[in-house]
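Biologist: Could you take me through one part of this model closely, starting from a single residue and working outwards to the element that holds it and then to the core?

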Amino acid sequence: MDSQNNRDLTPVVPRKFRAAFFMLVSCFALWGLLNNMTDNLVPAFQRIFTMDQSRAGLVQVAFYGAYAVLAIFASILIKEFSYRVGVLIGLGIYIIGALMYIPACVAQDFNIYFIAIFVVASGCSLLETTCNPYVLSLGPDKTAVRRLNFAQAFNPVGSMVGIVLAQQLILSNLNEATAEERAQMAPDQLKEIINGELFWVCAPYVGLCAIAFLIWLFFLRNKGEEQAAAASQAAGGGIRVLVAALFSLVPLTALYFLFPDMDKVTWVLCGMVGPLAYIVIMPTYREMLVGLLQHPRYWCGVIAQFFYVGVQIAAWTWMNAYCQHELGVEPGTAAIYYTIGICLFIGCRWVTTYLMKIFNPASMMCLFAIGAILCCLGVMYLPSTVLFSIGSLPFSANVLALMAMSGCMSLMFPTIYGIALGGLNQNIVKLGAAGLIMAILGGAIITPWMAGIIGSTDSMWLGLTDGFDATWNENLKTSSVALRASFIVPAICFAVVLVYGFIFRKPQQPEQDGQD
């Protein structure tokens with residue numbers, strides 16, 4: 001691991017930018033909270049609507065698909081106006097999406113939830129596309145990766161709150177009736193049970209609207225020093241933003257209603273064509289795109305981010321089902337292992353942020369990627385025999401490896417982000433940020449890939465773990481051999497991150513303003 005020659009005493013956040021920085025931290029916490037509450041909607045909807053893994057996994061397709069479709073629009077919004085406008089509109093869209101949970105609850109309709117989740121995630125996409133480069137801009141380039149890691153350290157704090165809310169309000173209020181028992185219930189009885197369960201799904205999302213509105217007011221009243229330079233409100237900027245919005249939303253909406261049976265992953269991929277077409281058609285943005293593609297550390301970073309986000313979302317999404325099956329616990333109890341994993345994630349994020357004063361961030365990421373691959377092998381091959389219990393909570397070697405994987409993931413997102421954008425000319429950074437947020441599409445692609453293995457009895461990947469129990473669990477709709485084999489997917493994703501960190505481990509010198 002590379003050690004820096006001199007201990008860096010440069011402040012991570014210069015004093016003049018601290019007010020703006022801490023304003024942004026609340027947004028990092030908010031979307032972290034929403035991300036991890038959404039992860040827990042998968043096991044919740046699987047039980048409430050008696051779904052298999054593939055259909056329940058559409059929650060993640062909606063959430064992370066919105067990131068992919070709206071990221072380019074978000075970058076155009078902040079390019080034509082300002083970071084502050086991006087934050088305000090992102091929060092506003094979140095509030096609209098959260099309120100859509102109310103009619104979804106009343107109608108007991110998963111399809112309405114799908115749309116509501118997409119709208120909520122659209123707001124998060126605008127926030128994340130805006131806030132990450134905003135943080136990078138609040139100080140010298142040499143502390144940018146540390147600054148982003150520091151800001152991102154508050155993201156898992158929000159995640160922890162989201163997990164607690166999901167566990168205490170959503171998962172703990174699920175009726176214990178199995179799929180077979182629900183199938184035998186009278187329609188009125190089943191409807192009453194589902195109504196109660198969906199109320200607790202709805203409550204935290206709607207309740208968070210109040211907090212989001214307070215943050216919105218804070219940003220509205222505090223324009224900040226950075227906003228004085230927002231010459232982007234030039235004539236025609238509003239028209240360009242409107243046209244970009246139409247390119248992003250019209251094709252997506254038309255496809256959804258004209259072809260309701262279209263595979264939702266295909267729907268998201270088709271929806272990305274509109275924003276990409278806008279970039280190619282508009283000369284200014286086309287030149288920016290060409291400039292970005294001339295930097296391998298950038299476009300390789302987009303690829304690495306795709307696989308990293310995919311593995312984070314997929315591993316956390318199916319962690320609950322894995323713990324239920326391997327240790328025989330209920331969904332609410334399984335969420336405790338998830339909570340422990342997030343605690344490791346938070347702790348390691350803070351520790352690694354500090355260590356970046358001493359060690360090369362990319363080299364640290366390589367070491368953690370190797371650790372994550374070893375954890376994947378542990379999840380696949382270590383036994384589920386209980387080693388010890390804390391209270392009524394049992395622990396086995398494979399589940400310990402699964403939780404440890406979260407700690408290994410802690411520094412990856414902001415480090416890839418900082419490496420990919422490091423040294424780029426500020427004229428193209430905003431569009432570059434959109435590409436890295438579009439890479440969150442990995443959550444919508446990798447999660448169903450794992451789901452396909454988890455719910456399979458004949459996948460080619462099952463040969464990797466054919467020595468384990470293949471007995472089918474009808475309630476979880478999987479088997480031990482399938483659950484274990486599915487973790488070859490995270491191992492592949494971490495290998496991509498390892499290669500990226502190794503190749504681009506040397507810092508990039510900043511470009512001059514006149515360069516592409």
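Modeller: Asparagine 320 has its place in helix α16, and since this is a predicted model, what follows describes computed coordinates. With a relative accessibility of 7%, asparagine 320 falls under the 20% cut-off and therefore counts as buried. Setting aside residues up to four places away in sequence, asparagine 320 touches Asn40, Pro43 and Leu171, and also Pro331, Ala334 and Ala335.

The helix around this residue, α16, runs over residues 296–327, and its 32 residues reach 44 Å from the first C-alpha to the last, which is close to the 46 Å expected at 1.5 Å a residue. Even so, α16 bends by about 40 degrees, and the bend is placed at methionine 319. Burial is not confined to asparagine 320, for α16 is mostly covered, with 25 of its 32 residues buried. After the helix comes glycine 328, which has a positive phi, near 70 degrees.

Turning to the core, the largest nonpolar one has 182 residues, and those with the most contacts inside it are Leu34, Phe45, Tyr101, Tyr308, Tyr337 and Met412. Helix α4, spanning residues 58–80, gives the most to this core, contributing 18 residues. Leucine 34, one of the residues with the most contacts there, is in contact with Phe63, Tyr94, Val120, Cys124, Tyr205 and Leu208 once its neighbours within four places in sequence are left aside.

How values were computed:
Residues are numbered from 1 along each chain as its sequence is written. This is a predicted model: local features need pLDDT of at least 70, side-chain atom pairs count only at pLDDT 80 or more; totals for chains, interfaces and linings use all residues. Side-chain values use heavy atoms; hydrogens and water are left out. Helices (H or I, at least four residues) and strands (E, at least two) are DSSP runs, numbered from the N terminus. The expected span of a helix is 1.5 Å times one less than its number of residues. The bend at a residue is the angle between axes fitted to the seven residues ending there and the seven starting there. Buried means under 20% relative accessible area, exposed over 50%, partly exposed in between (1.4 Å probe, protein chains only). A nonpolar core is a set of buried Ala, Val, Leu, Ile, Met, Phe, Trp, Tyr and Cys residues joined through side-chain atoms within 4.5 Å. Contact means heavy atoms within 4.5 Å.
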